[in-house]
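Colleague: I'm new to reading models like this one. Could you show me the structure and walk me through the words you use for it?

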Amino acid sequence: MSILWVVLGFVLLVIGGEFLVRSSVALSFKFNISKMVIGMTVVSFATSAPELLVSLQAALSGSPAIAINNVVGSNIANIGLVLGITALVGPIMVDKSFYKLNWPVMMVFSIALYYFLINDDVLTALEGGVLLLGLIGFLFVLIRSTRKDAIPEEVDESLAVVSNFKIILWLLIGAASLYFGSEWLVDGSKEVARAIGVSEAVIGVSLIAIGTSVPELAASVIAAAKQEKAISLGNLIGSNIFNIGSVLGMTALVKPIPVTEPQILTNDIFWMLGFAAVLIPMIFLPKQMQISRFKGFFLVLGYGIFMAIVFSK
């Protein structure tokens with residue numbers, strides 16, 4: 001029965017995330033917000049909603065290990081699994097903004113998270129506020145540095161003419177789906193952890209993390225198969241920044257998140273830092289500014305090793 005709750009939770013999170021993105025974009029058009037700002041802020045926040053609800057639900061229900069490892073595991077999965085499989089489908093070109101802005105910011109957020117947690121084994125409300133403010137600062141710089149005529153591919157212009165009734169309906173469906181989806185997923189995952197004899201941290205960094213990364217994986221693979229140029233390494237890196245800045249930042253503001261499982265700081269977070277760090281030599285060697293199929297295979301292999309180590313412990 002616990003597996004059923006997990007599956008239903010995943011399904012509702014995907015549905016809720018989709019409806020929340022649609023309603024948020026449509027609402028933004030009503031307020032005459034530019035497409036560029038919608039793509040960089042509204043869509044990014046909306047697509048982080050499933051992770052946010054899962055982490056918040058986990059923290060409030062007394063499972064802080066799931067709250068932290070949901071984000072740590074999602075960040076690992078975004079690079080090792082999503083980026084790796086997408087590159088296996090077709091090579092990914094990398095633009096200069098990756099190493100000039102996105103990658104350094106991701107490393108700063110990742111290292112800051114490690115420092116905050118290792119310092120006193122808890123992510124406090126103050127530290128959560130710092131992460132959230134850092135994210136807002138990053139978005140400000142990102143918008144300032146982007147060409148005014150740039151229109152992110154993920155913004156559907158047809159949503160500009162949606163009726164107010166539809167927007168409200170989509171918001172209600174999205175909110176309800178995310179609420180029940182996060183609750184069922186967290187509760188079901190706890191039962192699965194107890195049934196197979198692993199810690200909640202292991203479930204958070206594996207099952208839940210992969211589940212919340214499935215939408216990104218599906219979208220990236222479909223775009224790669226169609227050979228669309230919209231596949232952007234920056235989108236995945238941006239997702240990792242949002243996961244730390246908004247998901248853990250907001251969750252810690254609501255309730256401080258203690259570290260209850262030692263492997264989070266002795267193993268998992270170092271894998272997150274390692275996957276982030278390896279991207280720089282990867283895009284420069286041997287063929288510059290490209291993530292080839294071979295590099296994609298290397299990332300997927302690394303992710304497989306990580307999962308093997310997590311469950312073997």
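Modeller: Sure, and let's begin with one term: a residue is buried under 20% relative accessible area, exposed over 50%, and partly exposed in between. Keep in mind that this is a predicted model.

Colleague: Okay, what makes Arg22 partly exposed?

Modeller: Its relative accessible area is 33%. Partly exposed is what we call anything between the 20% and 50% cut-offs, so Arg22 gets that label.

Colleague: And why is Glu18 called partly exposed?

Modeller: Glu18 has 41% relative accessibility. That value also falls between the two cut-offs, so Glu18 counts as partly exposed.

Colleague: How do you know that Glu18 and Arg22 form a salt bridge?

Modeller: Check the distance: N to O, it is 3.1 Å. The rule asks for a side-chain nitrogen of Lys or Arg within 4 Å of a carboxyl oxygen of Asp or Glu, so the Glu18 and Arg22 side chains pass. In general, side chains of opposite charge can pair when their charged atoms come close.

Colleague: What separates Glu18 and Arg22 along their helix?

Modeller: About one helical turn, because they are four residues apart in helix H1, which covers residues 2-30.

Colleague: How many salt bridges are there by this rule?

Modeller: The count comes to two. Besides the pair we just met, Arg194 bridges to Glu191, with the closest N and O atoms 2.7 Å apart. That is within the 4 Å cut-off, so the pair qualifies. Arg194 and Glu191 sit three residues apart in helix H7 (residues 164-196), so about one helical turn separates them.

Colleague: Why is Arg194 called exposed, and what is Glu191 called?

Modeller: Arg194 has 54% relative accessibility, and exposed means over 50%, so the word fits Arg194. Glu191 comes out at 40%, which is between the cut-offs, so Glu191 is partly exposed.

Colleague: Let's zoom out. What is the chain built from?

Modeller: Twelve helices and four strands.

Colleague: And what makes the chain as compact as a globular protein of its length?

Modeller: Its radius of gyration is 19 Å, and the globule rule gives 20 Å for 313 residues. The two values are close, so the chain is as compact as a globular protein of that length. Along its principal axes, the C-alpha trace spans about 50 × 50 × 35 Å.

Colleague: What share of the residues count as buried?

Modeller: Of the 313 residues, 54% do. Those are the ones under the 20% cut-off.

Conventions. Residues numbered from 1 in each chain as written. Predicted model: local features only at pLDDT ≥ 70, side-chain atom pairs only at ≥ 80, totals over all residues. Heavy atoms only, no water. Helix = DSSP H or I, 4+ residues; strand = E, 2+ residues; numbered from the N terminus. Rg over C-alpha atoms; globule rule 2.2 N^0.38 Å. Buried < 20%, exposed > 50% of the residue type's maximum accessible area, 1.4 Å probe, protein only.
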